[in-house]
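Here is my note on the model you sent round. Please read it with the coordinates open.

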Amino acid sequence: MCRQVFGFRLAMIALATPTALLNANDGLPTRLVGAAVVVTFMTSYVLFRDWERFGPLLLRHPTLLGADTLFGALLLISAGPDSTLAYVSVCTPLLAGLVYGWRGAAVFASLQALLLLLIHAAQENPAPGLAESTLLPGLCVIAGAVGSSLRNLMFRFGAATHALTTVQARLAVTEAVSAERARLAREMHDSVAKTLHGVALAADGLATSAGADRMDAALVKQQAEFVARSARRAAAESRELLADLRHDSDPDHTTDVLVELAARTRDFSSRTGLPAVYRPTGEEAVPPVPPAVARQLLTIASEAMENAHRHARPTRVDVRAGVHGDLLRISVYDDGRGLPPGTTLEQLRRAGHFGLVGMVERAASVGARIRIGRGSHPRGTEVRLELPLAALTTPHA
């Protein structure tokens, strides 16, 4: 919204500049007006183009907006309060309300209104009525109030959006845990149940062989050994699956993602010969991560390293992980060839390249955001995964 305000200012300044230059006296006044035009226009253009970069500077230093107001007043004196440049004066309290709140709106609305009244009073032929001379100052006050109200509305909307994101993340984590338990149940059915069924059939055959009139000792021994092997295999499968179920249902059992990520990075480097370095980031400790969620996060990081090794031809891989604000952030960067420009998930899916597609689907399954691209690097590929910490506070019993 601030960018749109500066876009409107640019248009009004461009329309009013010829009038301001024509009304200025020759010599020094013309140079001053020209300098004011350049300063106000370039300031508005820079903030319109790179608001994300220079907006925080304006937020920290309200005096910059005050200086801009004075330059605008110089143009307004030259062009006259009846020109299109007068609408630029309304933008200042509106912007102050958006950036600084009601206090800033009150200060800049009062300052702009005072300047407009002084300019009206200094005219050779001032407006005949009080209503006409106070119209623009009144609009400045209204614009400041509107800007402050919009700021409060956007903050409330942001808080509501954050709360909604938190709820969605928690629901996604719960669904991920439920899906993992369903997977384990399917594996138990497909492995342990089938193995036990084989044990039962082998035991029936053993009983039949042992009860025959002429018992074949070699066949009985073979069938008994098969029953023993099958029973041991079923016991091992049961222990593995029950251990996973117990870990997922036990709220006290969690995974140290940083330790596991460091171990996987070392294993990847030793296995592939590609230099891979892991470094923790952030100043806060990583909270406990449920095993089902940690499995997805670690799988995404491992897949990112494997993709870099298979496709990017990098010279190194950098892995970072830590808490930043209210997010658990994991980053895997390689300095390889990077993705072709314009690559989309749909193109990868049609081409049969499901690695990146699977990473996106895994991230969505736990409520995490994933970004795949160059990031802030001049080349290569960065896979950045961000999971809200609020998603890790849901009990998984």
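The points below go from the whole chain to one helix, one cavity and a few single residues.

1. Status and overall make-up. This is a predicted model. The protein has 397 residues, and 39% of them are buried. Its secondary structure comes to 12 helices and 5 strands.

2. Contacts and surface. Take the contacts with a separation of 6 or more: 72% of them join residues 24 or more positions apart. The protein exposes about 22300 Å². Carbon and sulfur atoms supply 61% of that area.

3. Helix α10. This helix covers residues 291-312, 22 residues in total. From first C-alpha to last, α10 reaches 30 Å. The expected span is 32 Å at 1.5 Å a residue, so the model comes close to it. Most of α10 is covered, with 16 of its 22 residues buried.

4. Arg 295. Not every position of α10 is covered to that degree. Arg 295 is found in this helix. Its relative accessibility is 30%, so Arg 295 counts as partly exposed. Across the fold, Glu 260 is 35 residues away from Arg 295 in sequence. Their C-alpha atoms are 9.8 Å apart.

5. The end of α10. What follows the helix, and with what sign of phi? Arg 313 follows α10, and its phi is positive, near 55°. Most residues other than glycine have a negative phi. Arg 313 is not a glycine, yet its phi is positive. I would look at this residue on screen. Arg 313 lies in the loop between α10 and β2 (317-324). With 68% relative accessibility, it counts as exposed because the cut-off is over 50%.

6. Val 317. Beyond that loop, Val 317 lies in strand β2. Buried or exposed? Val 317 is buried, because its relative accessible area is 0%. Leaving aside neighbours within four places in sequence, its contacts include Phe 268, Leu 274, Pro 275, Ala 276 and Val 277. Met 305 and Ala 308 are also among the contacts of Val 317, and both numbers fall within the 291-312 range of α10. Val 332, Tyr 333 and Asp 334 are contacts of Val 317 too. Gly 336 is 19 residues from Val 317 in sequence, with the two C-alpha atoms 9.0 Å apart.

7. Cavities. How many cavities of 30 Å³ or more does a search of the whole structure find? The search finds 2. The second largest has a volume of about 30 Å³. I take up the second largest in the next point.

8. Lining of the second largest cavity. Seven residues are named there: Leu 297, Ile 300, Ala 301, Ile 330, Val 332, Val 383 and Leu 385. By class, the lining has 7 nonpolar residues, with no polar and no charged ones. Which elements supply at least two residues each? They are α10, β3 (327-334) and β5 (381-388). Helix α10 gives the most, with 3 residues. An α-helix has 3.6 residues a turn, so residues three or four places apart point the same way. Val 332 appears in this lining and also among the contacts of Val 317.

9. His 377. This residue lies in the loop between β4 (369-373) and β5. At 25% relative accessibility, His 377 counts as partly exposed. Sequence neighbours within four places aside, His 377 is in contact with Tyr 333 and Glu 382. Tyr 333 is 44 residues away along the chain, and the C-alpha separation is 9.0 Å. Tyr 333 is also in contact with Val 317.

10. Pro 137. Now to another part of the chain. Pro 137 is found in helix α7, residues 135-210. Its relative accessibility is 6%, so it counts as buried, the cut-off being under 20%. What does Pro 137 touch beyond its neighbours within four places in sequence? The contacts are Ala 113, Leu 116 and Leu 117. Leu 117 is 20 residues from Pro 137 in sequence and 7.2 Å away in space, C-alpha to C-alpha.

11. In short. Helix α10 recurs in these points. It is mostly covered, it gives the most to the lining of the second largest cavity, and it is followed by a residue with positive phi, Arg 313.

Conventions:
Residues are numbered from 1 along each chain as its sequence is written. This is a predicted model: local features need pLDDT of at least 70, side-chain atom pairs count only at pLDDT 80 or more; totals for chains, interfaces and linings use all residues. Side-chain values use heavy atoms; hydrogens and water are left out. Helices (H or I, at least four residues) and strands (E, at least two) are DSSP runs, numbered from the N terminus. Buried means under 20% relative accessible area, exposed over 50%, partly exposed in between (1.4 Å probe, protein chains only). On a 1 Å grid over the protein atoms alone, a cavity is a set of points where a 1.4 Å probe fits but cannot get out, and a pocket is an open set with protein on both sides within 12 Å along at least five of seven lines; lining residues have an atom within 4 Å of a point. Grid points are joined across faces, edges and corners, and a volume is the space filled by probe spheres set on the points. Ala, Val, Leu, Ile, Met, Phe, Trp, Tyr, Cys and Pro count as nonpolar, Asp, Glu, Lys and Arg as charged, and the others, Gly among them, as polar. Contact means heavy atoms within 4.5 Å. Accessible areas come from the Shrake-Rupley method with a 1.4 Å probe; for residues, only the protein chains shown count as cover.
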